[in-house]
Amino acid sequence: CLHETYAPGADTGPKPYRHAGEETGFCLSGTIEITVGDRRGILGPGDAYYYRSDEPHRWRNVGNSPAEVISSCTPPSF
């Protein structure tokens with residue numbers, strides 16, 4: 001598992017990631033936008049997510065406070 005923190009305005013970069021496996025997790029605090037393929041969702045505290053990580057994906061903090069996420073990836077690729 002990873003405990004990730006994204007500062008306001010932080011993101012995973014302009015180019016979406018792709019890798020083998022699956023990802024899941026939930027938002028502890030703040031507001032995080034997840035884009036997977038052509039789908040986009042906004043997570044707040046208590047919201048969970050799941051996606052196949054071979055789809056292009058990107059994360060961005062769209063709020064005014066830090067966003068904390070607990071995530072897990074299988075197989076572990078980083």
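These are my notebook entries on one predicted chain.

**Ground rules**

I worked with a predicted model, where local features need pLDDT of at least 70 and side-chain atom pairs count only at pLDDT 80 or more, while totals for chains, interfaces and linings use all residues. Residues are numbered from 1 along each chain as its sequence is written, and side-chain values use heavy atoms, with hydrogens and water left out.

**Entry 1: the whole chain**

I began with secondary structure (DSSP runs numbered from the N terminus: helices are H or I with at least four residues, strands are E with at least two). I found seven strands and zero helices. The pattern along the sequence reads β-β-β-β-β-β-β.

Next I looked up the radius of gyration (taken over C-alpha atoms; the globule rule is 2.2 Å times the number of residues to the power 0.38). The chain has 11 Å, which agrees with the value near 12 Å that a compact globule of 78 residues would have. My box for the C-alpha trace along its principal axes is about 30 × 25 × 20 Å.

For burial I used relative accessible area (buried is under 20%, exposed is over 50%, partly exposed is in between, with a 1.4 Å probe and protein chains only). On that scale 35% of the 78 residues count as buried. The accessible surface (Shrake-Rupley method, 1.4 Å probe; for residues, only the protein chains shown count as cover) comes to about 4600 Å², and carbon and sulfur atoms hold 55% of that surface.

I then checked contacts (heavy atoms within 4.5 Å). Of those between residues at least 6 apart in sequence, 71% join residues at least 24 apart.

Last, the charges: Lys and Arg count as positive, Asp and Glu as negative, and His and the chain ends are not counted. Each charge is placed at NZ of Lys, CZ of Arg, CG of Asp or CD of Glu. I noted 7 positive and 10 negative charges, whose mean positions are 8 Å apart.

**Entry 2: strand β3**

I picked out two isoleucines here. I32 sits in strand β3, and I34 is in that strand too, which covers residues 32–36. I32 is buried because its relative accessible area is 0%, and I34 is buried at 8%.

Beyond four places in sequence, I32 is in contact with Y6, G41, I42, L43, W59, R60, N61, A67 and V69. On the same basis I34 touches R39, R40, G41, L43, Y49, Y51, R58 and W59.

I also took two C-alpha distances. I32 and G63 are 31 residues apart along the chain and 7.2 Å apart in space. I34 and V62, 28 residues apart in sequence, are separated by 10.0 Å.

**Entry 3: W59**

Which strand holds W59? I find W59 in strand β6, residues 57–61. Its relative accessibility is 4%, so W59 counts as buried.

Leaving out residues up to four places away, W59 touches Y6, A10, D11, T12, I32, E33, I34, Y49, Y51 and V69. Both isoleucines from my previous entry are among these partners.

I looked for a polar contact as well (a pair of N or O atoms within 3.5 Å; within protein, one must be able to donate a hydrogen and the other to accept it, and residues adjacent in sequence count only if both atoms are side-chain atoms). The side chains of W59 and Y51 make one at 3.1 Å.

**Entry 4: R39**

Is R39 buried or partly exposed? R39 counts as partly exposed because its relative accessibility is 44%. R39 belongs to strand β4, residues 39–43.

Past its neighbours within four places in sequence, R39 is in contact with I34 and E55. With E55 there is also a side-chain polar contact at 3.2 Å. The C-alpha atoms of R39 and Y49 are 12 Å apart, at 10 residues along the chain.

**Entry 5: strand β7 and what follows**

S71 is in strand β7, residues 67–74. At 6% relative accessibility, S71 counts as buried. Its contacts, apart from residues up to four places away, are C1, L2, E4, T24, G25 and Y49. For E4 I also noted a polar contact between its side chain and that of S71, at 2.4 Å.

My last look was at P75, in the segment after β7. The peptide bond joining T74 and P75 is cis, with omega about -10 degrees.
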